[in-house]
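The following paragraphs lead through a single protein model, beginning with one residue and moving outward to the surface. The reader is invited to keep the sequence and the coordinates in view throughout.

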Amino acid sequence: AYQYDEGDDAPAAAAAPESTEGLSMREKLALRLKATKALRGEARKANADEVVEEDRRSKLPKNFESKKRRAEWELESEEKKKQVEAEGGDYQRVKAMNVTVEEQDSRRSKARNPDTGFADYQQAQFRQYQRLTKDIKPDLAAYKASVEKWGDDFSANSLNYAAHAETTREGVDRMVEDLKAQIDKRAKFSRRRAFHADSDIDYINDRNMRFNQKAERFYGKYTQEIKESLERGTAV
């Protein structure tokens, strides 16, 4: 009788001979079984590797792949820039020559930063962060001086981060002006809600109108037939 051993998980090509002539039916079946088990071993190993890879990806940040592609693109652009400058050329000119009209139009539309509406709190917070930081011009000289002075304590990964921060009068004034601008913008904001003059008046005040709208959104499809029957006067 055929007995399974550890060699059964070898590749299928090695498990089966090139020819089975002269072998009995029992030996042929044993070879086929061995090849099948070898394929099973390969599939088991591939599944295990995929599970490990999926677990690794699940532990990464959500935007890890996009940040990785961005870093690779920046590194490639920096290498091209060095190469063009070494040849005495203008990198911006060379870069513009490789941009199509469609890409340029797409960049212009993205530069406008259109508000696509609320998606989730993470995106809303990120858009707010972009609005608040796009006009900030960091003082790189002061930053380098602080790094040289405080060393690892000035790193964001340190528990003593910001313990040695020196607040300047200019920084306080800039923060106050920014907060005032946010307050003024928030005070002038007015959201105009759509009003349809031909819609049915089934509310007594704004609060009741919003409640009815929510009820219609969730239960309207279940009560549509009853409404139509009431309007026709044929309700039972």
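Which residues does Val84 touch, not counting residues up to four places away in sequence? The model is a predicted one, and in it Val84 touches Gly89, Asp90, Tyr91 and Val94 under that condition. Val84 belongs to helix α3. Its relative accessible area is 14%, and because buried means under 20%, Val84 is classed as buried. One of the residues it touches, Val94, stands 10 residues away in sequence, with a C-alpha to C-alpha distance of 8.1 Å.

The setting of this residue may now be widened to the overall fold. The protein contains nine helices and zero strands, so that the sequence, read along its length, gives the pattern α-α-α-α-α-α-α-α-α. Of its 236 residues, 8% count as buried, and Val84 is itself a buried residue. The accessible surface of the protein amounts to about 22,100 Å². Carbon and sulfur atoms account for 53% of that surface. Among the contacts with a separation of 6 or more, 38% are between residues 24 or more positions apart.

Attention may next turn to charged side chains. Side chains of opposite charge can pair when their charged atoms come close. Across the whole structure, a search finds seven salt bridges, and three of them are followed here: Glu76 with Lys80, Arg169 with Asp173, and Glu216 with Lys227.

Helix α3, which spans residues 64-86 and carries Val84, also holds the pair Glu76 and Lys80. The closest N and O atoms of their salt bridge are 3.4 Å apart. Glu76 and Lys80 are four residues apart, about one turn of the helix. How accessible is Glu76? Its relative accessible area is 45%, and Glu76 is therefore partly exposed. Lys80 also counts as partly exposed, because its relative accessibility is 45%.

A further salt bridge is found in helix α8, residues 169-188. There the side chains of Arg169 and Asp173 meet at 3.6 Å, N to O. Arg169 and Asp173 are separated by about one helical turn because they are four residues apart in that helix. Their accessibilities fall into separate classes: Arg169 has a relative accessible area of 61% and is therefore exposed, whereas Asp173, with 35%, is partly exposed.

Helix α8 also includes Leu179, which joins Met175 and Val176 in a nonpolar surface patch of about 250 Å². Leu179 has a relative accessibility of 43% and so counts as partly exposed. A residue must have over 30% relative accessible area to enter a patch, and the value for Leu179 is 43%.

The third salt bridge joins Glu216 to Lys227, whose closest N and O atoms are 2.5 Å apart. Glu216 counts as partly exposed because its relative accessibility is 37%. Lys227, with a relative accessible area of 35%, is likewise partly exposed.

Where do charges gather on the surface in patches of one sign? Asp200, Asp202, Glu225, Glu228 and Glu231 form a patch of negative charge. Among them, Glu231 is placed in helix α9, residues 206-232. The relative accessibility of Glu231 is 63%, and this residue therefore counts as exposed. A positive patch is made by Arg207, Arg210, Lys214 and Arg217. Arg217, too, has its place in helix α9. At 57% relative accessibility, Arg217 counts as exposed because the class begins over 50%.

Taken together, helix α9 holds Glu231, a member of the negative patch, and Arg217, a member of the positive one. Helix α8 holds the salt bridge of Arg169 and Asp173 as well as Leu179 of the nonpolar patch. Helix α3 holds the pair Glu76 and Lys80 along with the buried residue Val84, with which the account began.

Notes
Residues numbered from 1 in each chain as written. Predicted model: local features only at pLDDT ≥ 70, side-chain atom pairs only at ≥ 80, totals over all residues. Heavy atoms only, no water. Patch = residues over 30% accessible without salt bridge, like charges linked within 9 Å, V, L, I, M, F, W, Y side chains within 5 Å. Areas by Shrake-Rupley, 256 points an atom, 1.4 Å probe, with all protein chains shown as cover. Salt bridge = Lys/Arg side-chain N within 4 Å of Asp/Glu carboxyl O. Lys, Arg positive; Asp, Glu negative; His and termini not counted. Charge placed at Lys NZ, Arg CZ, Asp CG, Glu CD. Helix = DSSP H or I, 4+ residues; strand = E, 2+ residues; numbered from the N terminus. Buried < 20%, exposed > 50% of the residue type's maximum accessible area, 1.4 Å probe, protein only. Contact = heavy atoms within 4.5 Å.
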